[in-house]
Amino acid sequence: MKNSVTIACRKCGWEKDFYFGVGLLHRGAVDFDSEHALLPRFVKDQKALGEIRRAVEGGAQLETEYRFALYRCPDCGAFYKRFEYSLMHADGSEEKPAYACDCGGILEKIDLEDFCPEAYPCPACGEMALAESVSMLMPDFD
């Protein structure tokens, strides 16, 4: 699993770093209110957090293996890191967040395992010259 990614343009020098780790992965009951609650730290939009709370209180199941994901705007080409979650409703429907770009476009999630930066134009210069550098946090066994 990729913990961090750096995307850089070989043409103009544009570069952006993304760190996807959440420190502690939380599993178990959804926690909205305790001093250790992670969800309010990751979902900054209070309206969205309230909607998640109401859905969970109404019987929806929230996936609690918290993580961040890489998203891209198809309109302007900007890359973003956003919190990813999934709510499973009693009727079998699944709800995932929809994020908007600063330009107003709707962000599309990029699967990091299949991410090929060469397939995207640079958000700064528009050239097809992006490259990726990946690092993984490895445990120290000494």
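Take helix α2 (residues 46-57): inside it, A48, L49, G50, I52 and A55 are buried, meaning under 20% relative accessible area with a 1.4 Å probe and protein chains only. Those buried residues pack against α1 (39-42), β3 (61-62) and β6 (87-88), where contact means heavy atoms within 4.5 Å. Helices here are DSSP runs of H or I with at least four residues, strands are E runs of at least two, and both are numbered from the N terminus.

This is a predicted model, so local features need pLDDT of at least 70 and side-chain atom pairs count only at pLDDT 80 or more, while totals for chains, interfaces and linings use all residues. Residues are numbered from 1 along each chain as its sequence is written, and side-chain values use heavy atoms, leaving out hydrogens and water.

How far apart are the end C-alpha atoms of α2? They are 16 Å apart, which agrees with the 16 Å that 12 residues should span at 1.5 Å a residue; the expected span is 1.5 Å times one less than the number of residues.

Now for what sits at either end of α2:

| Residue | Place | Value |
|---|---|---|
| D45 | caps the N-terminal end of α2 | side-chain oxygen 2.9 Å from the backbone nitrogen of K47 |
| G59 | follows α2 | positive phi, near 110 degrees |

Elsewhere, 3 strands make an open antiparallel sheet in the order β5-β4-β8. Its edge strands, β5 (79-84) and β8 (108-110), each pair on one side only. Two strands pair if DSSP finds at least two bridges between them; β4 (residues 67-72) and β8 have 3. One of the bridge partners is E108 in β8, matched with R72.

How values were computed: Buried < 20%, exposed > 50% of the residue type's maximum accessible area, 1.4 Å probe, protein only. Polar contact = N/O pair within 3.5 Å; in protein donor to acceptor, adjacent residues only side chain to side chain.
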